[in-house]
Structures are given as C-alpha cells and as structure tokens.
Amino acid sequence: MATAKLQELCPEVQISLLDTVDSLRSHGLSSLIPLPQIIVCGDQSSGKSSVLESISGVPSPVHGSLCTRFSTELILWRTRSASIVISIVPHHARSEIMKAALHAFHAELTDFNELPSQIEQAKSAMDMQHAFSKDILRIEIRGPDRPHLTIVDLPGLIHSENKYQFASGISLIQRLVTRYMKQKRSIILAVVSAKNVYANQIVLKLARTADPDGMRTLGVITKPDTLNVGSESERSFLSLTRNQEVAFRLGWHVLRNRDTERELWTLDERDAEESNFLSSGAWTSLAPECRGSTSLRVRLSTVLVRQISRELPNLIREIEDLSIQCQESLEKLGMARTTSGEQKEYLIKISQSYQELIQNATAGTYTNPHFRESVTSDGYENRLRAVIQNRNRVFAKNMTERGQRYNIIADGGNGAEARNDVLTREQYIEKIVSMIRKNRGTELAGMLNPVIVTELFQELSSPWGEMAELHVRNVCKATYQCLKRLVDHIADSAAAETIFSGIFKPHLDALQQNSLAKLSELLKPHQESHPITYDQRFIKDRETVLNQREEVRVTALLKETFGTIYMDGETSVRASIDFSKLVQKLVKRPEFDVDHSAATDALDCLLAYYQTALSRFIDDVTVKVIETCVVGKLREIMDPMSIFKLDDDSISRFAGETEKCRTTREELKAKQKALQNGSNVCNKLAAPFVHALYAETDSDGGVDQDDEFLSDTGSEDFVSKGEIPPYKMKNGHRSPSTAPEEPTKEKVDDEWERLTTSRSKNDKKKMKKKALLLGGV
C-alpha cells in the first residue's frame, strides 16, 4: 500500500530534509535567505540555557557562555558514534581573506569541558571587540541518543541596564532577536519562566509582534517547581500550558529545570527527576506530549521537518530568483576593467545596450524586461513613446481649452462678470470698437484697419508661449528621468553615475536648449508678424460663422412673421403674407454704426484665423520641437562611433572601476557561489522529495479528503486540548489507498518543476499534504 511505502521512505526523506537545510546553512545561505529553523528566545534568567541543555545534552554551565554576542547554531545528529565539532560560518560580506581564515577554524572535541576554551578561540578568530558579530558559531553534536534537530540560540533579553549591560547593548539584543523572529520560516521557541508573571516577560511581546497570529510560535514554560502547589500562580501557568491564556498554533510545553548551582545531576538524572515531578500533582492533567524534555525533542524535530518540507519549494524559488538578480548585477558590472582596452570594450557594450533600448523606448516596442509592466510607475515612465504621446495629447487639450487669453461666450451666457478672462460676444465687440477708434487711419468708414486683427490675435494667443514652454520642459524632464533609469539599468551604479553626468547630461541640457530655441522660432511669426494663411479651412470657418449668425437672424424674422414654426420638421401655415415686405426684412441687415459692423466682421475673422493658427502651432510644437529636437536626437547620444573618439583619460574616467565597484563584484561572486551551492544542494533532494509525494497521492493524482482536516502543523486538537493528534483517522483506522504507478525519473522531474513554479490551489494542497506526510504524521 502507498501509506506503508511512504512510511518506509519517510525516515530517509526526513534526514535528507534536515541535511539539506544544514548544508544550506553551512554554505552561508542563512545570511542571504531566511531558512527554516528553530530559534530559542527568552528573557535573561528565564531558563533558556536549561531548555537547550535538555534538548541538546550540552551541560548548562558550558552553554551559558555560548551565546553572548553572536548567534549559535546547535546541530544535533543521531549517529552510532559520538563527536563534537565546532566551526564558524562567516558572514557573506566578509572579505575573501577573512572568509578563508574563519572557514579554517575547525575543532573536534572529545568532551564538553573543552568547549569554553574553544569558544574563546572562536571569538578571537571573529575579531570581536564589544560589538555583536554577524558570523555564526556552529556546534555539531553527534551521538546515538541525539535527535535530528537544528536550533539557533540567541542572546537572552535584558529588562534593564546595569554595570555589565548598557542601554545600547540591551537595544542591540532586542533588534537581533526581533530580526530572527520576523523571518517567515523561523519557528519561535519562546521560553517563559514560571518564577515571573508571564505577561511581564519581553519574549511574549516580541513574539506576538513578529508572529501576531501565533502560527510559528511554541511556548515553553520553565521552573514549574518554583510554584506553590495549588496556588493561583500554578493554576495560571497550567491554563497557559493548555493554550487558554496566550494561544499559539503550536501550543505550549512545560519542563522542569535543573538548578545548576545546587543540583549537580547528570543529564539522565535530570530527566528522571523531571519525569517524577511532572508525573505528580496538577501537572499530570497535561497530555504526555506537552511535558518533559523527551517529548519536547520529538515534538521539535517533527515541527522542524514539517516546516522544512512545507517551505522547501518556496525556498528553491527564492534561491533561483536571487541567483538571477545576482547574475544580472554581475552582468551590469561586467568583467574587471583595469586596462584601457577593457574599459573601452565596457563602454561599447553600454553603448550597444543603450541604442537597442532607446530604439525600443521611442518606437513603442516594450518587450525588454527593462520596461516591466505598464501598471507600475517605473514601467510606464520607462516607456518613453507612451509618455510623450500622452503628454502631447494633454498639451493639445490644454491649448484648445485654455490657450485663448479671453474665453468669448454667447450673449446672455453666465460667468461674464465672475471672471476677468470671460467676455460675452457683445462685450468683446465693444472692446474691438474701442480699438478701431484708437487705431483709425486713412481707411474709409466701415472698413477695418488690418493692424486691428493682428493686435487682437497676438493678445488672444498670448498664453501660447508659456504653455508650450512648460510642455517642452516637461517632455525634456521625462526624457531625462527615462534615460537616467535606462543607464542605471545597463551599467553598474558607480559607472552609471559617471557616464550619465559626463555624457548624457551635457547632451540632454543642450537638447533642451535647442528645443526651447526652436520653440521661440515657431512662436515668432504668431507674436510679431501679421496673420498669414492660405488654408482653405480659414475661409470655410469664416463662412460657417457668418452663416450661423445669419441663420439666427432669419429664423427670428420667420417666427415674427408666421408665429410658431418648427425648424426640425414641416410646419403648416395659413396666413396672408405681403412677400415684398418679407423680402425686404430678410435682406435688410440690422442697423448698427459702421464701427460696430466692422468690429463684428473683425471678430468673425479673428476666431476663424485663431482656430487655423492654433492647429498649425500644436502640430509644429509636437513635430518640429518634440519629435525632431528631442526624440530624434536621442540616438545621437553615446553612439558607438563617439566611444572610439574618446581619449584614454575620458575612457578611464567613465569606465574605470572604483574600489567600491571591485568590492561589490567580489561580494556578488561570493553570493552567487553560495546560491549556486545552495541550489545544487536543494536539487539533490528533488527526486526523493517528489517520490514521497507520488507514493502517498491517490492513483488518480488527487489528494485524500483527510487532508482537508489537517493543518500545516498537525496541532488542531492540541490548540484546545494540549495534545497533538498522531493522524486523522477514519472509523478508528487509517484510510486505505490504492498504490500509484511507480513514478519514472521524467515524471519526478516534471512534478518537481511544476510544484516549484505553480501556485494553484490544488498544488498548494498537494504541497501541504507532502509537508504533513514528510513530517512523520
């Protein structure tokens, strides 16, 4: 049966899971990506050292000196032979020389009594002064009585400063513990002392902040023997252990500590005394799985395996994503550039990349990853053609709606008195009459001096210059920002800054000056010359205005003569009409003085010409300024031929490497190596991991319905009862399932690839089932 087959595989797969994460940690991956781990946290004097003693077997007086100013990894292995190995995992930011020196630190011990002196040597190797080290002390303990377990020990949380602990050190410890707690893959082992009111202990506050839903936290109560039998305090901590006060998804556990000053027991004697204490009194009401060090070791090992199995696919994805980012950063840095030839080659590559991307940006071809999705701010702003097109549209709309100095509305319209820039048609005609009288020349009465139309147009179009200049500057600014991000994308940070400031910025500044000069050239005819146009639209627009005004006059006469008439359909009329008088009324114009008549004609001419000139000006700005003087000149910046013309000093200035750049490259290479090692380690586990999934999956590829009732940790009943169910049962026994077909290597590889890339609901259920099964439930 599939279940039996999985049970055979599970021990090997569990060990492989633990080995995988330990190997990732030994390669320094923990400083790059959060790894599944159990972190032990607690207030100072909470009994944290005794908890670690009960789990690891490392005597408490020895362990008390372990975690003072650095993190310590305790790695327990169940093997036939016993051994103790101490080493250092250097932080990835260390120099290669320091990494080599720290990697060289390796000691194999025969007795725990040798640990203190070796720890002092490790401190010296880390070159620690009074600050905390980012390096990690690694202690591997092997033996037949050890569980498969890895624990990260953190410094104890301090409540107040004293002559040994300063405020800065207290704050530093809290930040360190909080940083570990916030890592989404950390299982928090929160140690709480029964000697103090649990609500006052810092560790619970920090755990609640980092894990507000309590999904990753397991509470451990120490020193229960200090409570008076039958007291309110004992009942309070019993309630806490039953998960009734501070609820954690993983529940609570209780241990009886050894008093290191009075009780000089061996570890076996300690376990026996603990068993006797917890098997009497009120503590017997707790489930055996929730009390004692033996059950805690099993419980922690199960929780850790489940956490690793659930997170491994996501962990592999993160390693791959980080590797891609690291590779992209290295590609931006390019090869080491020490000679003039290497530097010139680097600039040519930058030039080629720029030419390709700027061509795509201006042509509207947004397939390169640099442009990202248009829904993001950076993705849209990198799409230069889209930005310019949209800005041109806004410019045309603004010019149409707000380009006139005066907004001329029909007679009787609202708003003429409310705004200075709004005039009725009659008010504007009176304005023109005043200008006619002030500019009267030798023209005959009723005729218009051409200068009047010129002055009227220049006044009406006076906002054009400011609005067009703002548009050109905005387009140049958008182009500047687009090119800045483009250069940042194709060059390393140090070179990008130098290249942009030394090559791009001078070109862009000159480009803006030339664009504004071109704009002034286009504005000059509108601001200084008399109106000129041969566009037939001008004549048609003027005729349209005349016809519209005449239509209004004729309609009014017809209504006066015939009464009610309908202009949108037929109207039956019975009347005796003197058509000679009607014709006279139709052909006779309203009586105005000659200046008013000339002003009316001037306004009709002005409005018709304004529309013609406005359309021409908008097109001139968008084509002759924006397209020709801005967009059309961008490919002239940093073209390959210009690189060949640079002298050696300029090449060195633009492409020479700084010390920071060389350091960054070395750090990225080290990071990439660590990620590659981590990827190799994970991929070795892929086949057995998916094989286990196949072994327990139904033959049709589905998931047992039992899984709907199992949580990620398997602790549903424990939340309310203080127990961990061994497995979801049906009618008192495991549900049978049909053994699936033996998976081939190709199927295993395909399934693993799918599980590590897909996030569908069904896949999550399968991954969840895998986590439960591989966790030993």
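In what sense do strand 1 and strand 6 pair, and over how many bridges? I looked this up before anything else. Strand 1 (residues 37–42) and strand 6 pair in the parallel sense, over three bridges. I took two strands to pair if DSSP finds at least two bridges between them.

**Entry: ground rules.** I note that this is a predicted model, where local features need pLDDT of at least 70, side-chain atom pairs count only at pLDDT 80 or more, and totals for chains, interfaces and linings use all residues. Residues are numbered from 1 along each chain as its sequence is written, and side-chain values use heavy atoms, with hydrogens and water left out.

**Entry: the whole chain.** I found 26 helices and eleven strands in the protein chain. Helices (H or I, at least four residues) and strands (E, at least two) are DSSP runs, numbered from the N terminus. The chain has 777 residues, and 47% of them are buried. I used buried for under 20% relative accessible area, exposed for over 50%, and partly exposed for in between (1.4 Å probe, protein chains only). The protein chain exposes about 39,200 Å², and carbon and sulfur atoms supply 50% of that area. Accessible areas come from the Shrake-Rupley method with a 1.4 Å probe; for residues, only the protein chains shown count as cover. I also looked at contacts, meaning heavy atoms within 4.5 Å. Among contacts between residues at least 6 apart in sequence, 78% join residues at least 24 apart.

**Entry: strands 6, 2 and 5.** I returned to strand 6 and found five of its five residues buried. L149, I151 and D153 point one way from the strand, while T150 and V152 point the other way. In a regular strand the side chains alternate between the two faces of the sheet. On the strand 1 side, I38 stands opposite I151. Strand 6 (residues 149–153) also pairs with strand 2, in the antiparallel sense and over five bridges. There I found E73 opposite V152.

Strand 2 (residues 71–78) has seven of its eight residues buried. With strand 5 (residues 136–143), strand 2 pairs in the parallel sense over eight bridges. I noted one bridge by name: the partner of L76 in strand 5 is I141.

**Entry: I55 and what lies around it.** I55 sits in helix 2 (residues 48–56). Its relative accessible area is 2%, so I count I55 as buried. R146 is 91 residues away along the chain, yet the two C-alpha atoms are separated by 8.6 Å. V298 is 243 residues from I55 in sequence and 9.6 Å from it in space, C-alpha to C-alpha. V298 belongs to helix 10 (residues 293–333). At 54% relative accessibility, V298 counts as exposed.

**Entry: helix 8.** Which residues of helix 8 are buried? For residues 232–241, I listed E234, F237, L238, S239, L240 and T241. These buried residues pack against strand 7 (186–193), strand 8 (217–222) and strand 9 (252–254). Just after the helix, N243 takes a positive phi of about 70°.

**Entry: helix 22.** Helix 22 (residues 648–655) has S650, I651, F654 and A655 buried. Seen down the helix axis, these buried residues fall within an arc of 105°, so they line one face of the helix. The arc is that of the directions from the helix axis to the C-beta atoms. Their cover includes helix 11 (340–363), helix 17 (493–528) and helix 21 (640–644). At the N-terminal end, D647 caps the helix, with a side-chain oxygen 3.2 Å from the backbone nitrogen of D649. I counted this under the polar contact rule: a pair of N or O atoms within 3.5 Å; within protein, one must be able to donate a hydrogen and the other to accept it, and residues adjacent in sequence count only if both atoms are side-chain atoms.

**Entry: cysteines.** How many disulfides does the structure hold? I found zero, taking a disulfide as a pair of cysteine sulfur atoms within 2.5 Å. C476 is in no disulfide, and the nearest cysteine sulfur, that of C629, is 9.3 Å away. Why is there no bond at C629? The closest cysteine sulfur, in C476, is 9.3 Å from that of C629, too far for a bond. C476 is buried, with a relative accessible area of 6%. C629 is buried as well, at 13%.
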